[in-house]
Amino acid sequence: MPTEVLVMCPACGHPQPAGGPRCSACGASLPEAPVPTPSGPFVSVELGAGHSLEGEHGRLTYRMAPGIPPSVVELAQLRALTLESRPFFEALLLTAFGVLGVVASSLALKLVAFALAGLGVLLAAVCRVHALVLEVSSGASVRWSLGLARRGSERDAKLLGAWRALAQALRARDVVVRDADGAAPLPPPSEPPEGPRA
C-alpha cells in the first residue's frame, strides 16, 4: 500500500492528504506535495563469477564472491576513481612450457608443450583485465577487479558499460573520474549563447 503524503496548510497549519487545491479546514491554497526522494541503488552491476558492484546510501559496495564479506568505500571518503585496463600478462606463464618442449624427447610432449606456450601468448594478446582503482581521502588506494574479458567480446562490452555507468554516477557526485589512460575526461564543450549577428 503506497505511503500517504501529507501537506500542512500554510494558513491554519491543518495537516491533510496532498493533492487537493485548497485546505479542507480554512479553504486557503495548499502547497504542492513534496517529491519523494528516489530509493534504490544509483548503480548496480553483476560482473559475473560472483562479482558484483553496487552504489547505494552514499557508499560503494564490491563483492568478490557470495560467501566473502564485501568491500565498502564511503563516497564521502572517495576522492578519485580510475579504470585500469591491461593485457592478460598472467597467461604468459604458459610460455614456460616452451622450455619443456625444447628438452622433451617425445614428439607428442613437444607438441603439447609448444601448444601451451603458444596459447599463453595468444591469451595475453587477445584478452585484457579491467580493474577499478579507488583513491580515498586518507591517501590509500583500493583496487577492485572487474574481471577478464576477450577484447571486443560481449563480456568486454558489459564490463566497459559498467564502468561508464559508474563513472557517470560518481562524476555527478563530484568524484574525479579518470579513464584507462589515467587522463581526466574533458567536459563536453559548451556552446556560446546565440546573440545578434553583425
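**Exercise 1. Order of elements**

Work out in what order the helices and strands of the chain follow one another from the N terminus on.

*Solution.* Read from the N terminus, the elements run β-β-β-β-β-β-β-α-α-β-β-α-β, where helices (H or I, at least four residues) and strands (E, at least two) are DSSP runs numbered from the N terminus. The chain thus holds three helices and 10 strands. The model is a predicted one, in which local features need pLDDT of at least 70 and side-chain atom pairs count only at pLDDT 80 or more, while totals for chains, interfaces and linings use all residues. Residues are numbered from 1 along each chain as its sequence is written, and side-chain values use heavy atoms, with hydrogens and water left out.

**Exercise 2. Strand E4 and its partners**

Determine which strands pair with E4, and whether the residues of E4 are mostly covered or not.

*Solution.* Begin with the pairing, for which DSSP must find at least two bridges between two strands. Strand E3 (residues 43-48) pairs with E4 in the antiparallel sense over five bridges, and Gly48 stands opposite His51 in E4. On the other pairing, five bridges join E4 to strand E5 (residues 59-63), again in an antiparallel run, with Tyr62 of E5 as the bridge partner of Leu53.

Next, inspect the turns. The hairpin of E3 and E4 has two residues between the strands, and Ala49 takes a positive phi near 55 degrees there. The hairpin of E4 and E5 also has two residues between its strands, and His57 in the turn has a positive phi of about 55 degrees.

Finally, consider cover: E4 (residues 51-56) is mostly covered, five of its six residues being buried, where buried means under 20% relative accessible area, exposed over 50%, and partly exposed in between (1.4 Å probe, protein chains only). For the chain, buried residues make up 29% of the 198 residues.

**Exercise 3. Salt bridges**

Find how many salt bridges the whole structure contains, and place the bridge of Arg59, that of Glu84 and that of Asp156 in their elements.

*Solution.* The search gives five salt bridges, each defined as a side-chain nitrogen of Lys or Arg within 4 Å of a carboxyl oxygen of Asp or Glu.

- Arg59 forms a salt bridge with Glu74, the closest N and O atoms being 3.2 Å apart. The pair links distant parts of the chain, with Arg59 in strand E5 and Glu74 in strand E6 (residues 71-74), 15 residues apart.
- Glu84 and Arg143 meet through their side chains at 2.4 Å, N to O. Glu84 lies in strand E7 and Arg143 in strand E9 (residues 141-150), so this pair ties together parts that are 59 residues apart in sequence.
- Asp156 and Arg128 meet through their side chains at 2.7 Å, N to O. Because Asp156 lies in helix H3 (residues 154-171) and Arg128 in strand E8, the pair ties together parts that are 28 residues apart in sequence.

To complete the solution, compare accessibility: Arg59 is partly exposed at 35%, Glu74 is partly exposed at 32%, Glu84 is partly exposed at 34%, and Arg143 is exposed at 54%, whereas both Asp156 and Arg128 are buried.

**Exercise 4. Thr82 in its surroundings**

Establish why Thr82 counts as buried, and which residues are in contact with Thr82.

*Solution.* Thr82 belongs to strand E7 (residues 78-87) and counts as buried because its relative accessible area is 11%. Leaving aside neighbours within four places in sequence, Thr82 is in contact (heavy atoms within 4.5 Å) with Ala131, Leu132, Val133, Glu135, Trp163, Arg178 and Asp179. With Arg178 there is, in addition, a side-chain to side-chain polar contact at 3.5 Å; such a contact is a pair of N or O atoms within 3.5 Å, of which, within protein, one must be able to donate a hydrogen and the other to accept it, and residues adjacent in sequence count only if both atoms are side-chain atoms.

**Exercise 5. Lys110 in helix H2**

Identify the residues that Lys110 contacts, and locate the backbone oxygen that lies 3.2 Å from its side chain.

*Solution.* Lys110 has its place in helix H2 and is partly exposed, at 23% relative accessibility. Apart from neighbours within four places in sequence, Lys110 is in contact with Gly101, Val102 and Ala104. The backbone oxygen in question belongs to Val102, and lies 3.2 Å from a polar atom of the Lys110 side chain.
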